[in-house]
Amino acid sequence: MSVTILVGGQWGDEGKGKVIDLLADRVEMVVRSQGGNNAGHTVVADGNEFKFHLIPSGILYPQTTCVIGHGVVVDPKAFLTELDHIHERGVTTDNLMVSDRAHMVMPYHPVLDKLGETQRGDDRLGTTWRGIGPTYEDKVRRIGFRVGDLQKPRFLEKKLRFVLRLKNESLTRLFDAEPFDEQAILDEYMQYAERLEPYIRDIYPVVQGAIGRGERILLEGAQGVMLDLDLGTYPYVTSSSPTAGGACTGSGIPPSRISKTVGVFKAYTTRVGYGPFPTELTDSLGDYIREVGAEFGTTTGRARRVGWFDGAVARYSVNTNGIDSMVLTKVDVLDTLATVKICTGYSWRGEEWDHPMANISHMKHCEPQYVEMPGWQEPLRERRRFEDLPRACQDYVAALEDVCGAPVDAISVGPDREHTIVRRPLV
Ligand code: IMP
């Protein structure tokens, strides 16, 4: 038996989709355990590009069971749109299931997300407007709707009457916005209920059964450690726990069953949305990396902010998640640079910091400490073995391992499945 957790080690968008796709044919089950359709995973398989938001990337392998765990928030409309899209591309989804305990995004959640952001003015977070935060808020407030509620129309109706009164009061009184109509929501969600029915499952026996049979399971993380509600750059974070701990609670797999935690890191750093980013490059070099790396969001199309590899962030990710193995992605994006820099820590008013601070203002104004190294200035895309990489690139990877305290076991040098160097097996 082996249960592997895969987490994003930075601010999301590290290229986890590609890594999950590479591993999915080696496992019997892939489980998504947090986040929602704020996530976006791009997978290129046999020259075809797929963009996944809610559905685990492992869906491309019909023999792999794909589970949307209870830690995920599911927008049924987005789920069905994604389902239609992948069906049109000839992918079957008989191997897909959604936990009846997963919470649902309701029509008022994206509206409240957007209104909440507008109300924050200059302090807005830069959310994806998918209603993710408001859905998790209602989960914690115990007024959320779960996927399983779709199978209980009378209960759903009764609860909606109570909840919608609260929501409409907020919408009309706090935000001066239009209220929602109860019957319209019921009609809409009852239609979803019919289409979702074949996918709704109590995942407990399914997941425990797989563990019991000694099957290999991959827990697919969305977002990244620095967007974690507790460990990230709060409040500039998402509303779930994209960490190894979150993977356990969101799937019902206990920590004692985890065999390995793999962290995916981009060879530089990006983030979308607002909040501190010590190594950010706001100059033409940043623009260049953004263009070469096609750093535009899969979900919202927003231009990502770009910066040097932040070793303080990466080490913090390694330590707080127990990352045993790192995957480094998009190394080829740096191919033409004469020099590359790695941040090893921060200096703030004479104090040295080897990890991100809780104080957002300090984090915003700290000075990153860099080591500068020669670039390799050779194309990496066709290299398939670590030994075939230019010396300067090997040195860059070794320096990252040193600063992070974990081995780099795989390196991605391009978007396709085959553009990958595997130094040691990941699962
Ligand atoms: P929310 O998750 O939509 O509430 O957005 C909160 C923050 O997380 C914003 O800065 C988003 O840009 C960021 N975020 C959410 N999902 C992703 C993702 O999949 N990749 C990168 N950033 C994300």
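Student: Which residues are closest to the ligand, among those that surround it?

Tutor: Happy to start there, keeping in mind that this is a predicted model. The ligand is surrounded by 16 residues. By class, that shell splits into 6 nonpolar, 8 polar and 2 charged residues. The closest are Asp13, Asn38, Thr128, Thr238 and Arg302.

Student: How far is an oxygen atom of the ligand from an N or O atom in the side chain of threonine 238?

Tutor: Let's take the polar contacts in turn, with N or O atoms within 3.5 Å as the cut-off. A backbone N or O atom of glycine 126 sits 3.3 Å from a ligand oxygen. For asparagine 38, a side-chain N or O atom is 2.9 Å from an oxygen of the ligand. For the side chain of threonine 238, the distance is 2.6 Å.

Student: What share of the ligand's accessible area does the protein cover?

Tutor: Good thing to ask after those contacts. On its own, the ligand has 470 Å² of accessible area. The part of this that the protein covers is 97%.

Student: Which helix gives the most residues to the largest nonpolar core?

Tutor: That core has 54 residues, and Phe309, Leu328, Leu334, Trp376, Tyr396 and Ile411 touch the most other members. Seen from isoleucine 411, contacts beyond four places in sequence include Leu328, Val331, Phe386 and Val397. The top contributor, with 7 residues, is helix α12 (residues 391-404).

Student: How many residues are in the other core, the one with Met104 and Phe175?

Tutor: This core lies apart from the largest one. Its members include Met104, Met106, Phe175 and Leu196. Its residue count is 43.

Notes. Residues numbered from 1 in each chain as written. Predicted model: local features only at pLDDT ≥ 70, side-chain atom pairs only at ≥ 80, totals over all residues. Heavy atoms only, no water. Core = buried A, V, L, I, M, F, W, Y, C linked by side-chain atoms within 4.5 Å. Buried < 20%, exposed > 50% of the residue type's maximum accessible area, 1.4 Å probe, protein only. Helix = DSSP H or I, 4+ residues; strand = E, 2+ residues; numbered from the N terminus. Contact = heavy atoms within 4.5 Å. Near = heavy atom within 4 Å. Polar contact = N/O pair within 3.5 Å; in protein donor to acceptor, adjacent residues only side chain to side chain. Areas by Shrake-Rupley, 256 points an atom, 1.4 Å probe, with all protein chains shown as cover. Nonpolar A, V, L, I, M, F, W, Y, C, P; charged D, E, K, R; others polar.
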